[in-house]
Amino acid sequence: MRVPPGVTPNDFSDAIKQWEEAVGKDWVFTSDEDVDLYRDSYSPFWHEDLEPIPSAAVAPDTVEQVQAVVKIANEHKIPLWTISTGKNLGYGGSAPLLGGSVVLDLKRMDRVLEVNDKNHYALVEPGVSYFDLYRYIQDRGLKVWIDVPDPGWGSLIGNALDRGGGYTPLRDHFDAHCGMEVVLANGEIIRTGMGALPGSKTWQQYRYGFGPYVDGIFSQSNFGVVTKMGFWLLPEPEAFKSGNVLVQRHDDLVPLIETLNYLMNSNIVQGTTTIGSPLLMSRAAAQTAGGSGGSALVMSPGGPTIEQLEQVGRDQNLAYWNCELNFYGPPKVVEAEWEFAKEKYSVIPDVKFVDGPTYALPYDPKDVDKLPKRQFGIPSLTIFGLMGRSEGHMWFSPIIPMTGEAVFEAQKVFGQAYHDMGVPAISQLFVFPSSFFPRSFVILCGFPIYHDVEKNRRSREVFKGLVKAAAEHGWGEYRTHTAFMDTVSDVYSYNDHALRHFHETIKDAVDPNGILSPGRCGVWPKHVRKARA
Amino acid sequence: MKSAKTALLIAMSLSCAAPTFASPDDAQIERGHQVYDKWCFPCHGTGSGKPGTDSLRQRGQNPAVLEERTDLTAPMIKTFVRHGVLFMPMFRKTEIGDADLDAIAAYLTRNNKK
């Protein structure tokens, strides 16, 4: 039997017996065969001793059982690693950061507690996936839409706590939450916002309650175990329309994005918009013999000049840049919004517009495969089609300013970084700048994972190199794989890591034994900090 | 390095001998259908955007949709679910319990030659 670090076998056996009494013997997993199912399927440490493997897993079904499990762990000072659905693939999956931790698996807590399609919110448990909530709403014919990240099997709570993003007007998942229930390290339970008022009628309708607003400290953190969370939902729109804006010259990206900012920040264009480049994608696809062209964004040293690329664009009638705009609302309104957007963009010389389809809603469920699923909040696993022959992936995902100048700089910085590290940019998968969150862009770079020690070691080096290169230019990641949480935390270093010290002060106060998810997002308990110093 | 997962994929792509496990009853097959719809269909089903189906098709598997195959065996299905293959992850027992995994196997082998 594997044993958590700093825990004696006898103490661990004692805790396991108590957990079995609390949740039932069937829901405490200790055999290697069962516990190995909690390894990260996309681990960048396959076949290396560095892979953090858990010692056991415990799967409570109720909040009372969560309280009991946490109390037992606290008494025995056993590190727990909390997961919801455990499908955060690309960011660590169901595996802990600290090897030997016991996984606190909340997947069995999969109840949709309420969906209200008059005030447009839901209250769910951590094991509820996007697929689950979507089916619940569809089965009952409720007039609300959810927002989904790319893989639909993730947890609403887990994704929001990891501050994930989606595609509709409510795409910032943490921002769309309203009210939490949290079990603290001592087993005490709190409710945030209006939930602190017994008998509250507005837990999912007014976020703040009274006094300090603490919800944020439970995201990307290890200060508690979130057992319920409310989410605002989108009233089912009457129509959806999209339109494409294409500009011809390299420098046209600046006004393209400047106007996009105006339209998005005025709530005229809604949902995620991704900047694209028909010209660069065509060129990259040709270079990779019909491949995805995913590396097209970066500009490698020694490549063609901008003038040469513009000439190719003219010769082949390919726009240098484009973006697709999405509109949600009444039919007349979405048509008017598109017309207004075209008017604003018409000042860019030679701009072209392509009208996208207008969908009258509600849609017929039989037509789901014909719809733009992500923009409609329909969960799927389509994204995995990008994975090719790899055995997993992990994401490098910096936030950059939402300006053309920042995109130009990122093209050069990451092109140079790859060049300096001897990595052909063509081998990488880039997602173009996307507005997964309001008022900024995320660039996603997918690193393929293989069951190949040398390839993965090299990927980890390159990943760290990109984190460093980004930080040197003022860009930080919004989220990262467990393998790089210390690396990313290290670059958020303003005033000698004052923010991390503040996080550690909170950690030591609310979890003095350091049992909850040690190391998550760079926050380690005091005893581990001392040992690592 | 040739991985164990790749070897499993190759095994899955090859025609296999008929299964030898006990005949499932209709209730178990129906349960398996339900569990399959929840856990497997989004990746291995019919229609657009099903990466498992697309991946098997690209590797020459015909039919590529698991529900249409008659050469899968229960041990093979269980190995894939518990160990994963390529970008398909492992599934824990809190997601697909052993009884539900038996039911999936019963459903996906229902049309095999006896």
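**Close-ups of a predicted two-chain model**

**View 1. A helix laid over three strands of chain A.** Helix H9 of chain A, residues 331-345, lies across E12, E14 and E15 of chain A, and runs at about 10° to E12(A). Keep in mind for this and every other view that the model is predicted.

**View 2. The open sheet underneath.** Four strands of chain A line up in the order E13-E14-E12-E15, giving an open sheet with antiparallel pairing. At the edges sit strand E13 (275-276) and strand E15 (352-360) of chain A, each pairing on one side only. A second helix joins in here: H6 of chain A, residues 253-265, packs on the sheet and touches E12 and E14 of chain A. The direction of H6(A) makes about 15° with that of E14(A).

**View 3. Zooming in on E12 and E14 of chain A.** Which way do these two strands pair, and over how many bridges? Strand E12 (residues 239-247) and strand E14 (residues 321-329) of chain A go antiparallel, with 9 bridges between them. For one pair to look for, take Phe240(A), whose bridge partner in E14(A) is Tyr328(A).

**View 4. Strand E4 of chain A, covered on both faces.** Here we've moved to a short strand, residues 102-105 of chain A. Val102(A) and Leu104(A) are buried on one side of E4(A), and Val103(A) and Asp105(A) are buried on the other. Strand E2 of chain A (residues 56-58) pairs with E4(A) in the parallel sense over 3 bridges, and Ala56(A) has Val102(A) as its bridge partner in E4(A). Strand E3 of chain A (residues 80-83) also runs parallel to E4(A), joined to it by 4 bridges. In that pairing, Trp81(A) finds its bridge partner in Val103(A).

**View 5. Two crossing helices in chain B.** Helix H2 (residues 26-39) and helix H6 (residues 98-108) of chain B pack at an angle of about 100°, and their axes are 7 Å apart. H2(B) and H6(B) are therefore roughly perpendicular to each other. On the H2(B) side, the contact residues include Ile29(B), His33(B) and Tyr36(B); on the H6(B) side, Ala103(B), Ile104(B) and Tyr107(B) are among them. By type, the residues of this contact split into 7 nonpolar, 3 polar and 2 charged.

**View 6. Where chain A meets chain B.** How many residues does each chain bring to the contact? Chain A puts in 28 residues and chain B 20 residues. The side of chain A that touches chain B is a mix of 9 nonpolar, 11 polar and 8 charged residues.

Key
Residues numbered from 1 in each chain as written. Chains lettered and ligands numbered in written order. Predicted model: local features only at pLDDT ≥ 70, side-chain atom pairs only at ≥ 80, totals over all residues. Pairing = 2+ DSSP bridges. Contact = placed C-beta atoms within 7 Å. Axes fitted to C-alpha atoms, helices over the stretch in contact; angles between N-to-C directions. Nonpolar A, V, L, I, M, F, W, Y, C, P; charged D, E, K, R; others polar. Buried ≥ 20, exposed ≤ 12 C-beta atoms within 10 Å, placed from the backbone. Parallel < 35°, antiparallel > 145°, perpendicular 65-115°, else oblique.
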